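Thanks for coming, everyone. Let me put the structure up, and then we go straight in.

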Amino acid sequence: LSVLVLHGPNLNLLGQREPGIYGRVTLDEINRSLEQEGQALQVKISTLQSNHEGALVDAIHAAQGHHQGILINAGAYTHTSVALRDAIAAVNLPTVEVHLSNIYRREEFRYHSFIAPVAVGQISGFGPESYRLGLHALVHHLQQLPA
Ligand code: DQA
């Protein structure tokens, strides 16, 4: 199995960005722990961060034929991007949505996710652990699918 991990806008600044909300762990540290977790699960992990909506759309398209599932923290595009939602719907790769913060206990504009209706499920509020939990949930889901 191979999983594509996508990080959206501003997540390159993790560690320094609003640490009261997002904590002190950097994106590199998150990616390294996902790669370790992947080894334990015998799943190949590829990671990509972009601040550009179209680059994320391109990456979702390119995942077809290379990855069996997508783990995505779309950042603010979660709440704005029909294009990302449509890309996920188009490629038909099981996708799990994750957020570091609990988006339902913050500003109201974060309550709505365009990704959620096309995702297998969502994990929100556990900090970097959200990614690890999300990876486990995705791999479990992929292993349940008929071969
Ligand atoms: C986020 C939550 C979003 O509302 C926000 O725009 C982000 C990060 C999270 O991981 O908690 O950039 O996706």
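Start with histidine 79. Is it buried or exposed? Histidine 79 counts as partly exposed, because it has 16 C-beta neighbours inside 10 Å. Keep in mind that this is a predicted model. Histidine 79 sits in the loop between E3 and helix H4, residues 82-91. What does histidine 79 contact, once we leave aside neighbours within four places in sequence? Phe109, Arg110, His112 and Ser113.

Why begin there? Histidine 79 is one of the residues under the UniProt annotation "binding site", from an unreviewed entry. The others listed with it are Asn73, Asp86, Leu100, Ser101 and Arg110. These positions spread over 38 residues of sequence. They are spread in space as well, with up to 24.1 Å between C-alpha atoms.

Take another residue from that record, leucine 100. You find leucine 100 in the loop between E4 and E5. Leucine 100 counts as buried, because 23 C-beta neighbours lie inside 10 Å. Neighbours within four places in sequence aside, leucine 100 is in contact with Tyr22, Gly127, Pro128 and Ser130.

Now the ligand. Which residues are around it? Asn10, Asn73, Gly75, Ala76, Thr78, His99, Leu100, Ser101, Ile103 and Arg110. By type, this shell divides into 3 nonpolar, 6 polar and 1 charged.

Look at asparagine 10 from that shell. Asparagine 10 is in the loop between E1 and helix H1, residues 19-22. Its phi is near 75°, a positive value in a residue other than glycine. Asparagine 10 is partly exposed, since 14 other C-beta atoms lie within 10 Å.

A second asparagine also has a positive phi. That is asparagine 92, at about 60°, and again not a glycine. Asparagine 92 lies in the loop between H4 and E4. With 9 other C-beta atoms within 10 Å, asparagine 92 is exposed.

Next, another UniProt feature. Where does the unreviewed entry place "active site"? At Tyr22 and His99. These two span 78 residues in sequence, yet their C-alpha atoms are no more than 9.6 Å apart, so they gather at one spot.

Tyrosine 22 first. Tyrosine 22 is in helix H1. Tyrosine 22 counts as partly exposed, with 19 C-beta neighbours inside 10 Å; the buried class begins at 20. Apart from neighbours within four places in sequence, tyrosine 22 is in contact with Leu14, Arg17, Leu100 and Ser101.

Then histidine 99. Histidine 99 is in strand E4. Histidine 99 counts as buried, with 26 C-beta neighbours inside 10 Å. Its contacts, again leaving aside neighbours within four places in sequence, are Asn73, Ser124, Gly125 and Ser130.

On to the sheet. What is the strand order? The order is E2-E1-E3-E4-E5, an open sheet of 5 strands with parallel pairing. Strand E2, residues 44-49, and strand E5, residues 121-124, stand at the edges. Each has a single partner strand, so one side of each is left without a neighbour in the sheet. On average, neighbouring strands are turned by 20° against each other, direction ignored.

Walk through some pairs. E1 and E2 pair in the parallel sense over 6 bridges. Here histidine 7 has glutamine 49 in E2 as its bridge partner. E1 and E3 pair, also parallel, over 5 bridges. Leucine 6 stands opposite isoleucine 72 in E3. E3, residues 69-73, pairs in parallel with E4, residues 95-99, over 3 bridges. On that side, isoleucine 72 stands opposite glutamate 97 in E4.

Strand E1 is mostly covered, with 5 of its 6 residues buried. Helix H2, residues 27-41, lies across E1 and E2. H2 runs at about 165° to E2.

One last stop, alanine 83. Alanine 83 is in helix H4. It is partly exposed, with 15 other C-beta atoms within 10 Å. Not counting residues up to four places away in sequence, alanine 83 touches Glu53 and Val57. How far is alanine 83 from glutamine 39? Their C-alpha atoms are separated by 32 Å, and the two residues are 44 apart along the chain.

That's my tour. Over to you.

Definitions and conventions: Residues numbered from 1 in each chain as written. Predicted model: local features only at pLDDT ≥ 70, side-chain atom pairs only at ≥ 80, totals over all residues. Near = placed C-beta within 6 Å. Nonpolar A, V, L, I, M, F, W, Y, C, P; charged D, E, K, R; others polar. Pairing = 2+ DSSP bridges. Helix = DSSP H or I, 4+ residues; strand = E, 2+ residues; numbered from the N terminus. Axes fitted to C-alpha atoms, helices over the stretch in contact; angles between N-to-C directions. Contact = placed C-beta atoms within 7 Å. UniProt positions renumbered as here; feature names shortened; annotations may be inferred. Buried ≥ 20, exposed ≤ 12 C-beta atoms within 10 Å, placed from the backbone.
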